[in-house]
Amino acid sequence: MSQGTIVIALGGNAMLQRGEAGSYEGQLKNVQAAAEQIILLRDLGWNVVLTSGNGPQVGAIQLQTQTASHVAPEMPLHVCGAMSQGFIAYMITMCIGNILRARGEEAKVAGIITQSVVSEEDPAFVNPTKPVGRFYTEEEAMEIRKTGKQIREDAGRGWRVVVPSPQPLEIVEQPAIERLVADGFVVVSTCGGGIPVLRKAGVLEGVNAVIDKDLATSLLAREIAADHLCILTDVKNVAINYGKPDQQTLGRVEVSEMERYLAEGHFAPGSMAPKVRAAIQFVRATGKPAIITSLFSAVGAVRGECGTVVVP
């Protein structure tokens, strides 16, 4: 019996973790581990829609096109985002499909190249905040800054290039996603928050930005009337006073309390803050719970055994 629909956001760093070289084989191994966890949720009766981050991947693809610009035209950032979507969706759908085929089941899994509409008036275009690409040392970061790129320290983990991250307003492919879910497919969509596009006189055109995948996932979950939102990261629980002697992990938290913590600045802008904001948006709009936890705690968190759960 179906438990309903759960939309799960998988962090881009789950596929390409810090310190890894970023080879296809290495990322595929990480995706395989993630796919096995996702299948466990499907086995519990959930209709699963899976999204993912693409920060490490889109940064690497952009670097590749820039480095090879003397032999092939450099691609704009939104095209690099599209490339990363195809790469990520390919790996995830293949891994999930292989698990289902090995069981003798029909491999009902599909990847959707997804566009997210943004506004050209969004203040993010004059205040870039979204980290992309690999981590740099402070010395490397100062050299990169001389090239005109904006680069910032990322939550104590190193320095990364930052690009505009506008608020997503509409998931263009939402009707197709809903139809596939209704037909029993595991759907992989909105990777990297979707390809950012502007709508001008009814025509869509790409714009150079990277949308936060958690905010886009929250929007998608609301648009398809999901029953749960689950944001997977590299920690089991959200914490306030993170890294301090009085650090406190959060379990079941009312949305008003989480809003207060966010306003007090407990969550880093480039890492946990968008996840918390996405959870708050979903709970406020739907009255349904949002979970923030780690990949390997996802099943337990959905059962109510662990993780941070934001409730009305």
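Here is a short chat about salt bridges in this predicted model.

Reader: How many salt bridges does the count come to?
Author: Side chains of opposite charge can pair when their charged atoms come close. The cut-off here is a Lys or Arg side-chain nitrogen within 4 Å of an Asp or Glu carboxyl oxygen. By that rule, the count comes to 17.

Reader: Lys-200 and Glu-120 meet in a salt bridge, so how many residues apart in sequence are the parts that the pair ties together?
Author: The two side chains meet at 3.7 Å, N to O. Lys-200 sits in strand β10 (residues 195-200), while Glu-120 is in the loop between β4 (115-118) and β5 (130-136). So the pair links parts whose separation in sequence is 80 residues.

Reader: In the Arg-157 bridge, is Asp-154 buried or exposed?
Author: Arg-157 pairs with Asp-154, and their closest N and O atoms are 2.9 Å apart. Arg-157 is partly exposed at 22% relative accessible area. Buried means under 20%, and Asp-154 has 4% relative accessibility, so Asp-154 counts as buried.

Reader: What relative accessibility does Glu-264 have?
Author: Glu-264 meets Arg-260 in a salt bridge, 3.5 Å from N to O. Arg-260 is partly exposed, with a relative accessible area of 42%. Glu-264 also counts as partly exposed, and its value is 47%.

Reader: Which residues do salt bridges that share partners join into one network?
Author: Here the bridges go beyond a lone pair, since they have partners in common. The residues joined into one network are Arg-42, Asp-43, Arg-103 and Glu-105.

Definitions and conventions. Residues are numbered from 1 along each chain as its sequence is written. This is a predicted model: local features need pLDDT of at least 70, side-chain atom pairs count only at pLDDT 80 or more; totals for chains, interfaces and linings use all residues. Side-chain values use heavy atoms; hydrogens and water are left out. Helices (H or I, at least four residues) and strands (E, at least two) are DSSP runs, numbered from the N terminus. Buried means under 20% relative accessible area, exposed over 50%, partly exposed in between (1.4 Å probe, protein chains only).
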